[in-house]
Amino acid sequence: MADTTTTKINGHTPEWTPDSWRSKPMKQCPDYPDKAALAKSVASLNRLPPIVHPREINQLKQHLRDVAQGKAFLLQGGDCAELFDYCEQNAIESKIKLLLQMSLVLVWGANKRVVRIGRMAGQYAKPRSSPMETVDGRQVPSFRGDILNGFHVDERELDPDRLVKAYHHSSATLNYIRAAIASGIADLSKPLDWSLTHVHDPELKAKYENAVEFLKDMRSFMHTIGAENEKFHTVDLFTSHEGLLLEYEQPLTRLLEDPTSSRTKPKQAYYDTSAHFLWIGDRTRQLDHAHVEFFRGIANPLGVKVGPTTPASDLLELLRALNPAREPGKITLITRYGADKVSALLPAHIRAVEDSEYARTVVWQCDPMHGNTQAVSRGIKTRRFTDIFSELQETLRIHKEQGSYLGGVHLELTGDPVTECLGGSEGLGEDDLSTNYTSFCDPRLNEKQALELAFLIADHYRTERNGSGKSSPVIG
Ligand code: PEP
Ligand code: CO
């Protein structure tokens, strides 16, 4: 093993250690009542093998560098709160299929490779605005995600056994993702097997079939000229979650050889092997707090949520702390302001970054979900499709105006026909919300609403391309 005590780790001096975050203040800090049980779970996690490999993490970072440079598009999506119960064949397959359908639409529209990241296989920890809530007239601790406590009111105490359960559910989910993909769930030669039966809207279906036809033609063209390769039969799907629970992230963080370093002079770096991509949430991105301290030492590509409470000056400080080497694609800024605020706030954030030494190094990604949550009658949390659509459209417009590149979208979605967000082509109204509202946290787009958004982005880029007269197809 290389001596790392005297060299910089991930661009930082060695005062960073995997547990240096413990000396910092922390938001959303879990106070486990049973410290011995916590230590036992952490010891188990320390021993278990990595869930993902540094080679894959580096690969994703390279893809994200392409996104930062405008050569690819990033699609990230999945549940708000993934439950252990979602570790089940149908739930996993329907989400993979939806992400693939959407990326097909995006490839067709944006004419760029699409990098796919699921909010899957580990999205088990949730930040909460309030530590307590009222259920059936009783004050109980809030549900903080399956990795911390249970949704059932009798399971609200923090339970450290859940850390190890999270590891196993995450591994089982990723194992099945890998198996399904390796077995051809994404084979573009049979795209119509992607069960389109749930798309009833004729216009949406026609657009989708158009995109599928286009890709089939491309495939047959590639075959004819002998340019087909195995990439056509498999796709990559990377995993991600909010890096909220550092008691989980630290033991899965390992000092491993960087596979891109030379064999004669191997370098090591700290990889968080719980997922390929981790993000810091809106409530935990304080510069001098624990989460930024922990993630500044990690080699994985990272996301940071950016919202109405982010001062433009903090953005640069965050980039300097998390990416001192200015690696392109290392940081994804996930902007989430709300449809009514985006035009007032995004331009200054873009200028702060793009007029600095970090110009063209970040991935700009739009999360049109988290600034648009509202409560309707009986306190049900929902989001209006028109608001989501409008924030995304405004974000596309502003990036174009500012000369920057909107490289990605971050969505809460599910492959199931849920009724959690209002509107969309089905015209879901408030009375429909109770039909199939199954989210345990934020409302998600159903498959049709998610596909519609993909078409919106595709249409935007197709129009732009037709306007500029360029169109050379790229399959990714
Ligand atoms: C989330 O992504 O589920 C979330 C809690 O987002 P934010 O940190 O942006 O509020
Ligand atoms: Co959410």
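Strand 9 (residues 302-306), helix 8 (residues 312-322) and strand 10 form a right-handed β-α-β unit. The model is predicted. A second right-handed β-α-β crossover carries the chain from strand 10 through helix 9 (residues 342-354) to strand 11. The points below treat these strands, then strand 1, the cobalt site and some individual residues.

**Strand 10 and its partners**

- Strand 10 (residues 331-335) is mostly covered, since 5 of its 5 residues are buried.
- On one side of strand 10 the buried residues are I331, L333 and T335, and on the other side they are T332 and I334.
- Strand 9 pairs with strand 10 in the parallel sense, over 5 bridges.
- Within this pairing, L302 stands opposite I331 of strand 10.
- Strand 10 also runs parallel to strand 11, and 4 bridges join the two.
- The bridge partner of L333 in strand 11 is W364.

**Strand 1 and its partners**

- Strand 1 (residues 72-78) is largely enclosed by the rest of the structure, because 7 of its 7 residues are buried.
- One side of strand 1 carries A72, L74, Q76 and G78, the other carries F73, L75 and G77, and all of these residues are buried.
- Strand 1 and strand 2 (residues 113-119) pair in the parallel sense over 7 bridges.
- In strand 2, the residue that stands opposite G78 is R119.
- From strand 1 the chain passes through helix 3 (residues 89-110) to strand 2, in a β-α-β crossover that is right-handed.
- Strand 1 is also paired in the parallel sense with strand 14 (residues 406-412), over 5 bridges.
- Q76 of strand 1 stands opposite H410 in strand 14.

**The cobalt site**

- The cobalt ion (ligand 2) has four protein donors listed by residue and atom: C80 (SG), H370 (NE2), E412 (OE) and D442 (OD).
- These donors lie 2.1 to 2.4 Å from the cobalt ion.
- Along the sequence, the donor residues follow the spacing C-x289-H-x41-E-x29-D.
- C80 and H370 link distant parts of the chain, as they are 290 residues apart.
- C80 belongs to the loop between strand 1 and helix 3, whereas H370 belongs to the loop between strand 11 (363-366) and strand 12 (373-375).
- C80 has a relative accessible area of 1% and is therefore buried.
- H370 has a relative accessible area of 18%, so this residue is buried as well, given that the cut-off for buried is under 20%.

**A buried charged residue**

- D272 lies in strand 7 (residues 268-272).
- D272 is buried yet has no salt bridge.
- The nearest side chain of opposite charge to D272 is that of R254, 8.3 Å away.
- The side chain of D272 does make a polar contact, at 3.0 Å, with the side chain of S274.

**Residues with positive phi**

- Most residues other than glycine have a negative phi.
- Q28, in the segment before helix 1 (35-47), has a positive phi near 60 degrees.
- R326 also has a positive phi, near 55 degrees.
- R326 is found in the loop between helix 8 and strand 10.
- With a relative accessible area of 41%, R326 is partly exposed.

Definitions and conventions. Residues are numbered from 1 along each chain as its sequence is written. Chains are lettered from A and ligands numbered from 1 in the order in which they are written. This is a predicted model: local features need pLDDT of at least 70, side-chain atom pairs count only at pLDDT 80 or more; totals for chains, interfaces and linings use all residues. Side-chain values use heavy atoms; hydrogens and water are left out. Buried means under 20% relative accessible area, exposed over 50%, partly exposed in between (1.4 Å probe, protein chains only). Helices (H or I, at least four residues) and strands (E, at least two) are DSSP runs, numbered from the N terminus. Two strands pair if DSSP finds at least two bridges between them. A crossover is right-handed if, with the strands pointing away from the viewer, the path from the first strand over the helix to the second runs clockwise. Donors are N, O and S atoms within 2.8 Å of the metal (3.2 Å for Na, K and Ca); water is not among the atoms, so sites may look incomplete. Lys and Arg count as positive and Asp and Glu as negative; His and the chain ends are not counted. A salt bridge is a side-chain nitrogen of Lys or Arg within 4 Å of a carboxyl oxygen of Asp or Glu. A polar contact is a pair of N or O atoms within 3.5 Å; within protein, one must be able to donate a hydrogen and the other to accept it, and residues adjacent in sequence count only if both atoms are side-chain atoms.
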